[in-house]
Amino acid sequence: QVHLVESGGASVQAGGSLRLSCLASGGTFSTYAMSWFRQPPGKEREFVAVISWSGDMTYYADYVKGRFTISRDNTKRTVYLQMNGLIPQDTAVYYCTADSSYGIENPRYWGQGTQVTVSS
């Protein structure tokens, strides 16, 4: 069983930056691909980014590519999402996920989410 706890969500103005963190407990962290998903208000959940077990592979949704960076520190059991150039459309609850498979649409483990609000 893997337990995920996100932090770092906040309210920022457009153009600002935030870094989300996700601390994992339980399981062997380095054997899980980690992803970030988000759910904007009134919309369906959507994929944001994924990083492989060792961090050598990443993939981003088109709408965040070039602005967001996913990274991980296996020694700290933590995955990060650096978000730059935030726009109001980035407003959402952001979820950290873990799964033994890379790029899966519905990962097995989910955190409780952290709110990001971007004002214009």
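**Exercise 1. Determine which backbone nitrogen atoms the side chain of E6 reaches.**

Solution. In this predicted model, the side chain of E6 reaches the backbone nitrogen of G113 at 2.9 Å. A polar atom of the E6 side chain also lies 3.1 Å from the backbone nitrogen of Q112. Each pair falls within the 3.5 Å cut-off for a polar contact.

**Exercise 2. Describe the setting of E6, and establish whether its charge is paired or unpaired in a salt bridge.**

Solution. Begin with the location: E6 belongs to strand β1, which spans residues 3-7. Next, consider its neighbours, leaving aside residues up to four places away in sequence: E6 touches S21, C22, W36, Y94, Y95, C96, G111, Q112, G113 and T114. Then examine the charge. E6 is buried, and the nearest side chain of opposite charge, that of R45, is 11 Å away. A salt bridge requires the nitrogen and the carboxyl oxygen to be within 4 Å; E6 has no salt bridge.

**Exercise 3. Trace the strand pairing from β4 through β5 to β6, and identify the turn residues with positive phi.**

Solution. First, strand β4 (residues 33-39) pairs with strand β5 (residues 46-51) in the antiparallel sense, over five bridges. Within this pair, R38 stands opposite E46 of β5. The two strands form a hairpin with six residues between them, and G42 in the turn has a positive phi of about 75 degrees.

Second, β5 pairs with strand β6 (residues 58-60), again antiparallel, over three bridges. Here V50 has Y59 in β6 as its bridge partner. A hairpin is formed by β5 and β6 with six residues between them; in its turn, G55 has a positive phi of about 90 degrees.

Technical notes
Residues are numbered from 1 along each chain as its sequence is written. This is a predicted model: local features need pLDDT of at least 70, side-chain atom pairs count only at pLDDT 80 or more; totals for chains, interfaces and linings use all residues. Side-chain values use heavy atoms; hydrogens and water are left out. Two strands pair if DSSP finds at least two bridges between them. Helices (H or I, at least four residues) and strands (E, at least two) are DSSP runs, numbered from the N terminus. Buried means under 20% relative accessible area, exposed over 50%, partly exposed in between (1.4 Å probe, protein chains only). Lys and Arg count as positive and Asp and Glu as negative; His and the chain ends are not counted. A polar contact is a pair of N or O atoms within 3.5 Å; within protein, one must be able to donate a hydrogen and the other to accept it, and residues adjacent in sequence count only if both atoms are side-chain atoms. Contact means heavy atoms within 4.5 Å.
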